[in-house]
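Open the structure in your viewer and keep the selection tool at hand. The stops below are meant to be taken in order.

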Amino acid sequence: MRIVIAGGHGQIALRLERLLAARGNEVAGIIRRSEQGDDLREAGAEPVLMDLESASVEEVAACLQGADAAVFAAGAGPGSGVARKDSVDKAAAVLFADAAVRTGVRRFVVVSSMGADPAHEGDEVFDVYLRAKGEADAYVSGLDALDWTILRPGSLTNDVGTGLVRLEAHTGRGSVPRDDVAAVLAELVDSPATAGLTLELVGGSSPVSVAVKSVAGN
């Protein structure tokens, strides 16, 4: 498969690129800064230089030509303000989805956040973030041209992955290592039977492949 990842230099994305490349896939990661390219190459991915905050849908569609799947893993990051929650966490996700539709890339996986909700209330930066993520998820899930899956991890940690998770429509609060989020994403990309599902993810007791198979087709 050829898989294009938005937010290719993110902590989860770099882990995902390594996993996908190790499986023999052709992986490309969209990055904003050229100096990030070496990290992607080391992970086995082709860096694609593009700023999703200023790119046109035509430019993004050109990146997606020939792809079998797309993963939106971009985020403004914890140090960003309110404006970039809208321009990255929401608008860039919408742009990437529109480009996938235009290019005919059906398989579309979104890295969202537990608690994402377009109706989330509050004016703190994290409230705005959850609202932006929720609005992006709602937009993607309304596109019939995409076989979408939305993954909402709990609190992210840099602990070494255990390979054991809980993946359900509603898991309740919890934490999960970024290693395990990437492992679940790698399985989801290759599991079209999970299309149409919004899933929460925390640490648990099920091996990743078993957890994904158990929700597939539900």
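This tour of a predicted model goes from aromatic rings to a pocket, then to a loop residue and a helix.

**Stop 1: the aromatic rings**

Select F72, F96 and F108, which ring pairs link into a cluster. The structure as a whole holds 3 aromatic pairs. Now keep F72 and F96 alone on display: their pair is tilted, with 6.1 Å from centre to centre and 50 degrees between the planes. The two rings come from distant parts of the chain, as F72 belongs to strand β4 (residues 69-72) and F96 to helix α4 (residues 82-103), 24 residues apart.

Are these two residues buried or exposed? F72 has a relative accessible area of 1% and F96 one of 0%. Buried means under 20%, so F72 counts as buried and so does F96.

**Stop 2: the largest pocket**

Next select A74, G75, A76, G77 and P78, the lining residues that lie nearest the centre of the largest pocket. This pocket holds about 1200 Å³ of space, and its lining takes in 41 residues.

Which elements give two or more residues to that lining? Colour α1 (11-22), β2 (26-31), α4, α5 (125-141) and β7 (155-157) to see them. Helix α4 is also the helix that carries F96 from the previous stop. Sorted by class, the lining consists of 18 nonpolar, 13 polar and 10 charged residues.

**Stop 3: a loop residue**

Move to S113, in the loop between β5 (107-111) and α5. S113 is buried, at a relative accessible area of 10%. What does S113 touch, leaving aside residues up to four places away in sequence? Show Y129, L130, L151, R152 and P153, which are its contacts.

**Stop 4: helix α7**

Finally, select helix α7 (residues 208-215) and highlight V208, A211, V212 and V215, which are buried. Look down the axis of the helix: these residues cover an arc of only 95 degrees around it, which means they are on the same side of α7.

To see what covers the buried residues of α7, add the elements β8 (164-168), α6 (178-189), β10 (197-203) and β11 (206-207), which are among those that do so. Then step past the end of the helix to G217, which follows α7 and has a positive phi, near 80 degrees.

Definitions and conventions
Residues are numbered from 1 along each chain as its sequence is written. This is a predicted model: local features need pLDDT of at least 70, side-chain atom pairs count only at pLDDT 80 or more; totals for chains, interfaces and linings use all residues. Side-chain values use heavy atoms; hydrogens and water are left out. Rings of Phe, Tyr and Trp (its six-membered ring) pair if their centres lie within 6.5 Å; planes under 30 degrees apart count as stacked, over 60 as edge-to-face and the rest as tilted. Helices (H or I, at least four residues) and strands (E, at least two) are DSSP runs, numbered from the N terminus. Buried means under 20% relative accessible area, exposed over 50%, partly exposed in between (1.4 Å probe, protein chains only). The arc is that of the directions from the helix axis to the C-beta atoms. Contact means heavy atoms within 4.5 Å. On a 1 Å grid over the protein atoms alone, a cavity is a set of points where a 1.4 Å probe fits but cannot get out, and a pocket is an open set with protein on both sides within 12 Å along at least five of seven lines; lining residues have an atom within 4 Å of a point. Grid points are joined across faces, edges and corners, and a volume is the space filled by probe spheres set on the points. Ala, Val, Leu, Ile, Met, Phe, Trp, Tyr, Cys and Pro count as nonpolar, Asp, Glu, Lys and Arg as charged, and the others, Gly among them, as polar.
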